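Let's take a walk through this structure together, one region at a time. Keep the view open beside you as you read.

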Amino acid sequence: MEPTTPKPKEALFYEKLSDKKVRCLLCPRKCYITENLTGFCRARKNLKGKLYSLVYSKPCALSIDPIEKKPLFHFLPGTRALSIATCGCNLSCAFCQNYKISQGEILGDFVPPEKVIELAKEHKVKTIAYTYTEPTIFYEYALDIMKLAKKEGLKNIWVSDGYINKNPIKKLAPYLDAINIDIKGPERLYSNLCLASLKPVLESTLEYKKHNI
Ligand code: SF4
Ligand code: SF4
């Protein structure tokens, strides 16, 4: 029988440590997570010594936006994008406009990757935008949608905080057509208002560029 509810999906980037602890290797936080606890983003949990995404196939937002809202002005201008997000974020910005979904409880409906593609085709959009919160924290879900989208001739764009490690960038680069990285301000803004650091954002921006994105 087809599943009808989201199930945790094993994470792609982590290492197992002693005593059922794990270290997430997806973003620069490199959270060290003991059993039954989640990382900083709250979207990844250690279950019996393995790291799982809690947001796979569990979007909290799905809507149609003009591409200029991303904003991408020189990318298929005048077209629309199917925008998708899950709850959680690897930053915690005091000024977050989407704090209810970025910092709140992990909620969402069951929408598997195939269904997202169906919706994109139904609404005749040209692009799928991974946005609103931070696509890095729903990496496995985004990547599976992106692979299907490519096969269907749809473009993939990320609207991102840029908080991601090099290996995950390398894996997703073949499927990513464009990215808008939000560089929010100087280091003191990142440390005082986002519980983060500017340097990894600048580094990932260069890394994406290296992959011609
Ligand atoms: S993706 Fe989440 S769990 Fe992983 S290192 Fe970043 S904040 Fe921590
Ligand atoms: S990175 Fe974006 S979504 Fe995440 S907390 Fe900051 S403003 Fe909100």
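**Around helix H6 and beyond**

The cover over the buried residues of H6 includes strand S10 (155-160), helix H4 (166-172), strand S11 (178-181) and helix H5 (187-193). Keep in mind as you look that this is a predicted model.

Which residues of H6 are buried? They are Leu 198, Pro 200, Val 201, Ser 204, Glu 207 and Tyr 208. You can also check the helix against its expected length: helix H6 covers residues 198-210, and at 1.5 Å a residue its 13 residues should span 18 Å. The C-alpha atoms at its ends are 19 Å apart, so the model agrees with that expectation. Just past the helix, look for Asn 212, which follows H6 and has a positive phi, near 65°.

Now turn to the two ligands, beginning with ligand 1. The space that ligand 1 takes up is the largest cavity. Around ligand 1 you will find Cys 24, Leu 26, Cys 27, Arg 29, Lys 30, Cys 31, Gly 39, Phe 40, Cys 41, Arg 44 and Asn 90. Sorted by class, this shell has 6 nonpolar, 2 polar and 3 charged residues.

And where does ligand 2 sit? Ligand 2 is in the largest pocket. Its surroundings are made up of Cys 89, Leu 91, Cys 93, Cys 96, Ser 102, Gln 103, Tyr 132, Thr 133, Asp 161 and Lys 184. Here the shell divides into 5 nonpolar, 3 polar and 2 charged residues.

Thr 133, one of the residues around ligand 2, is also a contact of Thr 86, so let us go there next. Thr 86 belongs to the loop between strand S8 (80-85) and helix H1 (99-102). Is Thr 86 buried or exposed? Its relative accessible area is 0%, and because buried means under 20%, Thr 86 counts as buried. Setting aside residues up to four places away in sequence, Thr 86 touches Val 55, Lys 58, Pro 59, Cys 60, Thr 133, Ile 137, Phe 138 and Tyr 141.

Lys 58 and Pro 59 lead on to another loop residue, since Asp 109 is in contact with them and with Ser 57, leaving aside its neighbours within four places in sequence. Asp 109 is placed in the loop between H1 and helix H2 (113-122). With a relative accessible area of 56%, Asp 109 is exposed, because that value is over 50%. For a last look across the model, find Thr 34: it is 75 residues from Asp 109 along the chain, and their C-alpha atoms are separated by 27 Å.

Terms used: Residues are numbered from 1 along each chain as its sequence is written. Chains are lettered from A and ligands numbered from 1 in the order in which they are written. This is a predicted model: local features need pLDDT of at least 70, side-chain atom pairs count only at pLDDT 80 or more; totals for chains, interfaces and linings use all residues. Side-chain values use heavy atoms; hydrogens and water are left out. A residue is near a molecule or strand if one of its heavy atoms lies within 4 Å of it. On a 1 Å grid over the protein atoms alone, a cavity is a set of points where a 1.4 Å probe fits but cannot get out, and a pocket is an open set with protein on both sides within 12 Å along at least five of seven lines; lining residues have an atom within 4 Å of a point. A molecule sits in a cavity or pocket if more than half of its atoms lie within 2 Å of its grid points. Ala, Val, Leu, Ile, Met, Phe, Trp, Tyr, Cys and Pro count as nonpolar, Asp, Glu, Lys and Arg as charged, and the others, Gly among them, as polar. Helices (H or I, at least four residues) and strands (E, at least two) are DSSP runs, numbered from the N terminus. The expected span of a helix is 1.5 Å times one less than its number of residues. Buried means under 20% relative accessible area, exposed over 50%, partly exposed in between (1.4 Å probe, protein chains only). Contact means heavy atoms within 4.5 Å.
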